[in-house]
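Hi,

Here is the structure I promised to pass on to you. Have a look at it first, and then read my notes underneath.

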Amino acid sequence: MSFIRYFVAVPRIVLNDKCCSQTDKLVLGIINSLSNNKEYCYASNSYFAKELNVGNKTISQSLSNLKKLNYINIEYEKDKRKIYLNLEIVEKENAKVSEKILPDTLEENFQYKRKEYKRKIDKINKIEPSIEYDTDGIMLWNGKRCEAIPPTEEELEEINNILNQYK
């Protein structure tokens with residue numbers, strides 16, 4: 001599929017509407033995506049059919065259903081069909097769905113999580129590596145000795161084989 005902007009956004013109210021088929025939802029999502037630059041979309045039934053890999057009759061039924069459910073309005077102007085998203089219904093109903101899903105304390109919850117996250121970041125940022133030296137001159141990194149252990153013959157051979165690839 002080659003949707004404009006490469007994705008389709010279906011308003012939650014339509015997504016949750018049991019009266020809408022999956023095709024209805026996708027058609028509305030395409031209308032929504034295509035009407036981002038303008039207030040309307042003027043795609044033909046064959047365009048929708050091609051994008052969704054269905055027949056023109058299926059698209060016609062979807063558009064009729066969406067119009068009947070008042071999610072879209074269709075107007076004709078000089079032999080050109082304009083499909084408008086009914087923003088009043090979609091936005092109003094989306095707000096109702098959001099109220100049911102999101103608690104009243106969402107902002108407070110967000111602020112709490114934000115402060116909690118900031119405390120963790122501050123704690124991480126305060127931890128600085130402790131570099132000291134032991135009495136015998138070996139470096140201590142956060143209290144652990146950093147000693148150089150000479151490589152084995154096998155390790156030296158492996159390193160040389162790898163380096164030979166780049167010579």
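Below is what I found, going from the overall layout to the strands and then to the cysteines.

Please keep in mind that this is a predicted model.

**Overall layout**

The protein chain has 167 residues, and 25% of them count as buried. It contains 7 helices and 6 strands. If you walk along the chain from the N terminus, the elements come in the order α-α-β-α-α-β-β-α-α-β-β-β-α.

**Strands S1, S2 and S3**

A good place to start is strand S3, which covers residues 80-85. Of its 6 residues, 5 are buried, so the rest of the structure largely encloses this strand.

Strand S3 has pairing partners in both S1 and S2. With strand S2 (residues 72-77), the pairing is antiparallel and runs over 6 bridges. You can find one of the paired positions by looking at Glu75, whose bridge partner in S3 is Lys82. S2 and S3 form a hairpin with 2 residues between the strands, and in this hairpin Lys78 takes a positive phi near 50°.

Strand S1 (residues 40-41) also pairs with S3 in the antiparallel sense, here over 2 bridges. To spot this contact, look for Tyr40, which has Tyr84 as its bridge partner in S3.

**The sheet of S4, S5 and S6**

Further along the chain there is an open sheet of 3 strands, in the order S4-S5-S6 and with antiparallel pairing. Its edge strands are S4 (131-133) and S6 (144-146), each of which pairs on one side only. On average, neighbouring strands in this sheet are turned by 40° against each other, ignoring direction.

Strand S5 takes in residues 139-141, and its antiparallel pairing with S6 runs over 3 bridges. Within that pairing, Met139 stands opposite Cys146 of S6.

Two residues of the edge strands are worth clicking on. Tyr133 belongs to strand S4 and is exposed, because its relative accessible area of 55% is over the 50% cut-off. Arg145 belongs to strand S6 and is partly exposed, with a relative accessible area of 36%. Along the chain Arg145 and Tyr133 are 12 residues apart, and their C-alpha atoms are separated by 8.6 Å.

Tyr133 also has a part in a surface feature: together with Ile131 and Trp141, Tyr133 makes a nonpolar surface patch of about 350 Å².

When you look at these strands, one general point may help. In a regular strand, side chains alternate between the two faces of the sheet.

**The cysteines**

How many disulfides does the structure hold? The count is 0.

Cys19 and Cys20 make a nice example of why. The closest cysteine sulfur to that of Cys19 is in Cys20, at 6.9 Å, which is too far for a bond. A disulfide would need the two sulfur atoms within 2.5 Å. Seen from the other side, the sulfur of Cys20 has its closest cysteine sulfur in Cys19, again at 6.9 Å and too far for a bond.

Are these two cysteines buried or exposed? Cys19 is exposed, with a relative accessible area of 53%, whereas Cys20 counts as buried at 6% relative accessibility.

Enjoy exploring the structure!

Best wishes

Conventions. Residues are numbered from 1 along each chain as its sequence is written. This is a predicted model: local features need pLDDT of at least 70, side-chain atom pairs count only at pLDDT 80 or more; totals for chains, interfaces and linings use all residues. Side-chain values use heavy atoms; hydrogens and water are left out. Two strands pair if DSSP finds at least two bridges between them. Helices (H or I, at least four residues) and strands (E, at least two) are DSSP runs, numbered from the N terminus. Axes are lines fitted to C-alpha atoms, for helices over the stretch in contact, and angles run from 0 to 180 degrees between N-to-C directions. Patches are made of residues with over 30% relative accessible area and no salt bridge: like charges are joined within 9 Å, nonpolar side chains (Val, Leu, Ile, Met, Phe, Trp, Tyr) within 5 Å. Accessible areas come from the Shrake-Rupley method with a 1.4 Å probe; for residues, only the protein chains shown count as cover. A salt bridge is a side-chain nitrogen of Lys or Arg within 4 Å of a carboxyl oxygen of Asp or Glu. Buried means under 20% relative accessible area, exposed over 50%, partly exposed in between (1.4 Å probe, protein chains only).
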